[in-house]
Amino acid sequence: VVERLHEENLPPDIISGGSTGTYDIDHDMGVLTEVQAGTYVFMDVNYKGVSMQRDSSFPFQPSLTVRSTVISTSKPGLAITDAGLKEIDNLNGLTPEILRGAPEGATYQLCGDDMGRIEFANSSDVLQIGDVVELMPPHCYQTVNMYSHYHVVKGDKLVDIWPVDARLTW
C-alpha cells in the first residue's frame, strides 16, 4: 500500500501499524513511522504468554489492576470476593492473575456476575472478610470499559482519579 501511494504521488507522512506483541520487531520492516502498541500501557494476562521481546518475554509491568474485597470465608480452603464477570473481562476463558493480597499459590476464578473465588494452595491458608486482593485482568480493553474512573495509585497512596471519558461511546 505504501509503495502504491508513492507511485500515485501520494506519499504518506505517517505509516502506522503493529501491536504490543510485535513492537520489538515492527521496526525491522523499515516501513512504519509509528507503532500502535496499546496494551503495553496496562498489560494483561493475555499477553503474559506472548514472547514480545528478543531478550524478555514480559518486558512491561502491569499497571491496570482490579481490587477485589473478600466478602465470604465460610468454607475452608477458599474465599469469595466481590469481583466477577461484571468487574473483570475473561477473554477466551482466561482467568485473572492474583498480584497481591492472597497467600502464595492461591488461584482466582470468576464464579458469578459479581463474585470471584480464591482457592488456596494450602489448607491452612486463610483470608479475612474485608481483605483486599489485587488482580491482573485477563483482557485489559474490555475491563477498562467496565469502569467510569481510574483510581491512580503510587504504592498504597491514591494520587488521582481520572474519568474514562470514552466509555460512553465505546
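## Pocket, sheet and selected residues

The residues lining the largest pocket split into twelve nonpolar, seven polar and six charged. The model is a predicted one. The lining comprises 25 residues in total. About 690 Å³ of space lies in this pocket. Nearest its centre are Ser63, Leu64, Thr65, Tyr150 and His151.

Which elements each supply at least two residues of the lining? They are strand S3 (66–72), helix H4 (140–144) and strand S9 (149–154). S9 gives the most, with five residues.

**The sheet**

S3 also belongs to an open sheet of six strands. The order is S5-S8-S3-S4-S7-S6, and the pairing is antiparallel. Strand S5 (97–100) and strand S6 (107–112) stand at the edges. Each has a single partner strand, so one side of each lacks a neighbour in the sheet. On average, neighbouring strands of this sheet are turned by 40 degrees against each other, direction ignored. Strands of a sheet pair through backbone hydrogen bonds.

Three of the pairings are set out below, each with a pair of facing residues.

| Strand pair | Sense and bridges | Facing residues |
|---|---|---|
| S3 and S8 (residues 132–136) | antiparallel, four bridges | serine 68 and valine 133 |
| S4 (residues 78–81) and S7 | antiparallel, four bridges | alanine 79 and isoleucine 118 |
| S6 and S7 | antiparallel, five bridges | glutamine 109 and arginine 117 |

S6 and S7 also form a hairpin, with two residues between them.

In a regular strand the side chains alternate between the two faces of the sheet. Strand S7 (residues 115–119) has side chains that alternate. Which of its residues are buried? Gly116 and Ile118 point to one face and are buried. Met115, Arg117 and Glu119 point to the other face and are not buried. The bridge partners described above fall on both faces: Ile118, which pairs with alanine 79 of S4, is on the buried one. Arg117, which stands opposite glutamine 109, is on the other.

**Cysteines**

How many disulfides are there? The count comes to zero. A disulfide would need a pair of cysteine sulfur atoms within 2.5 Å. Cysteine 111 is partly exposed, at 39% relative accessible area. Cysteine 140 is buried, at 0% relative accessibility.

**Loop residues**

Proline 137 sits in the loop between S8 and H4. Is this proline buried or exposed? Proline 137 has a relative accessible area of 0%, so it counts as buried. Threonine 95 is 42 residues away from proline 137 along the chain. The C-alpha atoms of the two are separated by 7.5 Å.

Most residues other than glycine have a negative phi. Asparagine 9 has a positive one, near 60 degrees. Its place is the loop between helix H1 (2–7) and strand S1 (16–17). Asparagine 9 is exposed, with a relative accessible area of 64%.

Methionine 43 also has a positive phi, near 70 degrees. Methionine 43 lies in the loop between strand S2 (34–35) and helix H3 (45–48). Is methionine 43 buried or exposed? At 0% relative accessibility, methionine 43 is buried, whereas asparagine 9 is exposed.

Note on methods: Residues are numbered from 1 along each chain as its sequence is written. This is a predicted model: local features need pLDDT of at least 70, side-chain atom pairs count only at pLDDT 80 or more; totals for chains, interfaces and linings use all residues. Side-chain values use heavy atoms; hydrogens and water are left out. On a 1 Å grid over the protein atoms alone, a cavity is a set of points where a 1.4 Å probe fits but cannot get out, and a pocket is an open set with protein on both sides within 12 Å along at least five of seven lines; lining residues have an atom within 4 Å of a point. Grid points are joined across faces, edges and corners, and a volume is the space filled by probe spheres set on the points. Ala, Val, Leu, Ile, Met, Phe, Trp, Tyr, Cys and Pro count as nonpolar, Asp, Glu, Lys and Arg as charged, and the others, Gly among them, as polar. Two strands pair if DSSP finds at least two bridges between them. Axes are lines fitted to C-alpha atoms, for helices over the stretch in contact, and angles run from 0 to 180 degrees between N-to-C directions. Buried means under 20% relative accessible area, exposed over 50%, partly exposed in between (1.4 Å probe, protein chains only).
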